[in-house]
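Here's a quick tour of a protein model, written for someone just getting started. Keep the 3D view open and follow along as we go.

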Amino acid sequence: MTLGVSFLISGCGSKSEDEHKNHQEGSSAKQEASHEGHENHLPNGDIQELTASMDVLPGFLDKQPEEIAAIYAEVPKYKELLETMPCFCGCGESAGHKDNYDCFVSENKEDGKIVWDDHGTKCGTCLEIAAISMSASADGKTPVEIRNMIDEKYKEGYAEPTPTPMPAS
């Protein structure tokens with residue numbers, strides 16, 4: 001798998017308030033029409049949406065670039081890996097995230113449903129860490145090798161990392 005990361009924006013919250021509001025309104029209208037998605041707006045501005053499975057992407061991706069939707073589509077397949085990768089955007093403090101997986105998925109329900117989080121759509125750091133990690137895994141790197149690579153790349157000039165334990169070796 002090759003995921004391009006050059007398109008990624010840097011930092012979180014790159015959308016203007018009007019863009020975010022328009023996106024929320026469009027997503028809500030779609031959900032009301034389909035009666036499938038359930039949205040939750042968090043105090044930090046993130047949106048969470050429940051879908052039937054990992055094969056059903058959330059409505060908040062409808063107006064996002066194709067590359068972002070592609071990353072979201074792959075994230076559930078790399079759950080175990082991304083739960084061992086920290087995020088360096090500050091979401092550990094601002095959103096209570098524990099790892100990079102939390103930037104995209106808030107909860108995996110026992111019945112297969114997924115609660116998606118739109119935090120990753122607004123954060124180039126989150127997207128880049130996920131894309132690099134998934135691509136390196138697909139290229140045969142171990143979780144420990146990937147973690148060391150991520151820690152080294154983001155050790156300076158970024159926020160404090162999420163409190164993510166090292167992967168088992």
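Let's begin with two aromatic residues, Phe88 and Tyr154, both of which are buried. Keep in mind that this is a predicted model. From these rings we'll move on to the core, the sheet and the cysteines.

**Aromatic rings**

- Searching the whole structure turns up 5 aromatic pairs.
- Phe88 and Tyr154 make a stacked pair, because their ring centres are 5.6 Å apart and their planes sit at 20°.
- Phe88 is in the loop between α3 and α4 (91-94), while Tyr154 is in the segment after α6, so this pair ties together parts that are 66 residues apart in sequence.
- Tyr154 also pairs with Tyr158: the centres are 4.8 Å apart and the planes are at 70°, so this pair is edge-to-face.
- How accessible is Tyr158, buried or partly exposed? Tyr158 is partly exposed, because its relative accessible area is 38%, whereas Tyr154 counts as buried at 1%.
- Elsewhere, ring pairs link up Phe60, Tyr72, Phe104 and Trp116 as a cluster.

**The nonpolar core**

- The largest nonpolar core has 33 residues, and the ones touching the most other members are Ile71, Val75, Leu82, Phe104 and Ile150.
- Two or more residues come from each of these elements: α2 (66-74), α3 (79-82), β4, α5 (124-138) and α6 (143-153).
- Which element gives the most to this core? That's α5, with 8 residues.
- Take a closer look at Phe104: beyond its neighbours within four places in sequence, its contacts include Ile71, Tyr72, Val75, Trp116, Cys126 and Leu127.
- Over in α2, the buried residues are Ile68, Ala69, Ile71, Tyr72 and Glu74. Among the things covering them are β4 and α5.

**The sheet**

- You'll find an open sheet of 4 strands, ordered β1-β2-β4-β3, with antiparallel pairing.
- Which strands are at the edges? They are β1 (38-41) and β3 (105-108), and each one pairs on one side only.
- Going from one strand to the next, the twist averages 20°.
- β1 pairs with β2 (residues 47-51) over 4 bridges, in the antiparallel sense. Here Glu39 has Glu49 of β2 as its bridge partner, and His38 stands opposite Leu50 in β2.
- The hairpin of β1 and β2 has 5 residues between the strands, and Gly45 in the turn has a positive phi of about 95°.
- β3 and β4 (residues 114-117) run antiparallel and are joined by 3 bridges, with Val105 opposite Trp116 in β4.
- In the hairpin of β3 and β4, there are 5 residues between the strands, and Gly112 takes a positive phi near 95°.

**The cysteines**

- How many disulfides are there? The count comes to 0.
- Why doesn't Cys87 form one? Its closest cysteine sulfur, in Cys126, is 3.5 Å away, and a disulfide needs the sulfur atoms within 2.5 Å, so that's too far for a bond.
- Cys103 has a similar story: the closest cysteine sulfur is again in Cys126, at 3.4 Å, which is too far for a bond.
- Are Cys87 and Cys103 buried or exposed? Cys87 is buried, with a relative accessible area of 1%, and Cys103 is buried too, at 0%.

Methods. Residues are numbered from 1 along each chain as its sequence is written. This is a predicted model: local features need pLDDT of at least 70, side-chain atom pairs count only at pLDDT 80 or more; totals for chains, interfaces and linings use all residues. Side-chain values use heavy atoms; hydrogens and water are left out. Two strands pair if DSSP finds at least two bridges between them. Axes are lines fitted to C-alpha atoms, for helices over the stretch in contact, and angles run from 0 to 180 degrees between N-to-C directions. Buried means under 20% relative accessible area, exposed over 50%, partly exposed in between (1.4 Å probe, protein chains only). A nonpolar core is a set of buried Ala, Val, Leu, Ile, Met, Phe, Trp, Tyr and Cys residues joined through side-chain atoms within 4.5 Å. Contact means heavy atoms within 4.5 Å. Rings of Phe, Tyr and Trp (its six-membered ring) pair if their centres lie within 6.5 Å; planes under 30 degrees apart count as stacked, over 60 as edge-to-face and the rest as tilted.
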